[in-house]
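Subject: Handing over a structure, with notes on what was found

Dear colleague,

I am passing this structure on to you, and I hope the notes below will help you find your way around it. Please open the sequence and the structure first, and then read on with both in view.

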Amino acid sequence: MKKRIFSGAQPTGSLHIGNYLGALKNWVALQDEYEAFYCIVNLHAITLPQDPKTLRQKTLDLARIYLAAGVDPEKSTIFIQSDVPEHAELTWVLSCITRMGELERMTQFKDKGKENTERAGVGLFTYPVLMAADILLYQTDLVPVGQDQKQHLELTRDLAERFNRDFGETFKIPEPYIPKAGASIKSLQDPSKKMSKSDDNPNGSIFLLDDADAITKKIKRAVTDSGTDITFDESRPAITNLLTIYQLLTGKSREDCVEHFAGKGYGHFKAELAEAAVEFLRPFQERVNEYDDASLNTILKNGAEKASAVAAFTLDQVYKRTGIK
Ligand code: AQP
């Protein structure tokens, strides 16, 4: 039997190449070897305020982005989180075994809720429990995510182990799959911060749907560090980030990239990087509207049915073990 993977993205903001290189790219690469479940996590999205109409539209747009990136509905199960109510139900059970202290240590809550902990939504605080439920429902072996999700995955493992210890073997303990290169693509404007959908400055991110002009301008304006060599160098995070993006978009080795730009300046490098990004995104952008509404709805309906069958079985076990049923 094939091992299982589960992953998801939130239908908020616009997806950027960090989301693609850190997560989506690997989803596509892994879908032949694994039984894959790829979810559009709309329940996660409402942990911060969303406009209802926009959220629904973005949920469907994100499904189109999964497909355009190469997630194949014949191989992978693509579905919307809220279509499988077991996600919310298991969240409740898991939140009853999660400790306040564990959630207080989550850096994402600290980052997003720190401005005003008193007024931050409880959903933002318990977000990692919903993520644990997402993963554990599918008896997942592997979770391909970016570096920012590592801590949440560790919590997921802890909760699964605790539940298994207290109520009997129920959940598989999932492993993270964090790529060596691309696990944390940085903002083009501030390489000490990750590229992020919720960044107020759009110049920090290359969005998957940016046009050629926007991509070229953003790369031209990207901050650089002191020194002129185009090399990977931990002490020069800006050029290391740009070169990593170039490497992953072109599929070249690190050595080939460095050799290719030996003796060349930032101007030359940035022009080639912009060209590589535009060329990479062009076919992706053409594929985004390949599916009409009816075919998209069929894919999502079939996905939800497949996901529900697995999720209902796990939840039933959980309810029996805990005495709910
Ligand atoms: N900068 C990044 N580099 C590599 N991987 C990244 N991911 C996010 N940012 C980077 C990975 O993308 C997947 C989907 O992310 P998400 O939709 O769950 O949102 P997120 O992790 O909260 O990412 P964002 O873009 O920063 O959104 P906001 O600003 O809303 O928080 C995940 O696997 C994530 O690791």
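Which element supplies the largest share of the shell around the ligand? Before the answer, please bear in mind that what you have here is a predicted model. The largest share of that shell comes from H1, which gives four residues to it, while S1, H1 and helix H6 (107-113) each provide at least two.

The ligand and its surroundings

The ligand has 23 residues around it, and those that come nearest are Asp148, Lys194, Ser196, Lys197 and Ser198. When the residues of the shell are sorted by character, six are nonpolar, 13 are polar and four are charged.

Some polar atoms can be followed one by one. In the side chain of lysine 194, an N or O atom is 2.6 Å from an oxygen atom of the ligand, and in the side chain of glutamine 149 an N or O atom is 3.3 Å from an oxygen atom of the ligand. With methionine 195 the backbone is involved, since one of its N or O atoms lies 3.0 Å from a nitrogen atom of the ligand. The ligand taken alone exposes 640 Å², and the protein buries 96% of that area.

Threonine 12 can be taken up here, as its side chain makes a polar contact of 3.2 Å with the side chain of lysine 197, and Lys197 is one of the residues that come nearest to the ligand. Threonine 12 sits in the loop that runs between strand S1 (4-9) and helix H1 (17-30), and because its relative accessibility is 12%, it counts as buried. Apart from neighbours within four places in sequence, threonine 12 is in contact with Ala45, Gln50, Lys58 and Lys197.

The two domains

The domain assignment divides the protein chain into domain 1, made of 4-178 + 292-322, and domain 2, made of 202-287. Their C-alpha centres lie 30 Å apart, and where the domains meet, 10 residues of domain 1 are in contact with 10 residues of domain 2.

Individual residues worth a look

Glycine 303 belongs to helix H13, which covers residues 293-322, and it counts as buried because its relative accessibility is 5%. If residues up to four places away in sequence are not counted, glycine 303 touches Thr77, Ile78 and Phe79. Between glycine 303 and leucine 208, which are 95 residues apart along the chain, the C-alpha atoms are separated by 24 Å.

Leucine 155 has its place in helix H8 (residues 150-167), and with a relative accessibility of 3% it too counts as buried. Its contacts, leaving aside neighbours within four places in sequence, are with Glu102, Leu103, Met106 and Pro128. The C-alpha atom of leucine 155 is separated by 42 Å from that of phenylalanine 261, a residue 106 places away along the chain.

Threonine 98 is found in the loop between helix H4 (86-95) and helix H5 (100-104). Is threonine 98 buried or exposed? Its relative accessible area is 14%, and because that is under the 20% limit, threonine 98 is buried. The side chain of threonine 98 reaches the backbone oxygen of leucine 94 at 2.7 Å, and, with residues up to four places away in sequence not counted, threonine 98 touches Leu103, Val129, Leu159 and Arg162.

Serine 226, in the loop between helix H9 (212-221) and helix H10 (237-250), has a relative accessible area of 63% and is therefore exposed. In sequence, serine 226 and glutamate 118 are 108 residues apart, and from C-alpha to C-alpha they are 41 Å apart in space.

Lastly, there is a point of backbone geometry at glutamine 139, a residue of the loop between helix H7 (122-137) and strand S4 (142-144). Phi of glutamine 139 is near 50 degrees, which is a positive value in a residue other than glycine.

With kind regards

Definitions and conventions:
Residues numbered from 1 in each chain as written. Predicted model: local features only at pLDDT ≥ 70, side-chain atom pairs only at ≥ 80, totals over all residues. Heavy atoms only, no water. Buried < 20%, exposed > 50% of the residue type's maximum accessible area, 1.4 Å probe, protein only. Contact = heavy atoms within 4.5 Å. Polar contact = N/O pair within 3.5 Å; in protein donor to acceptor, adjacent residues only side chain to side chain. Near = heavy atom within 4 Å. Areas by Shrake-Rupley, 256 points an atom, 1.4 Å probe, with all protein chains shown as cover. Nonpolar A, V, L, I, M, F, W, Y, C, P; charged D, E, K, R; others polar. Domains from an automatic or database assignment.
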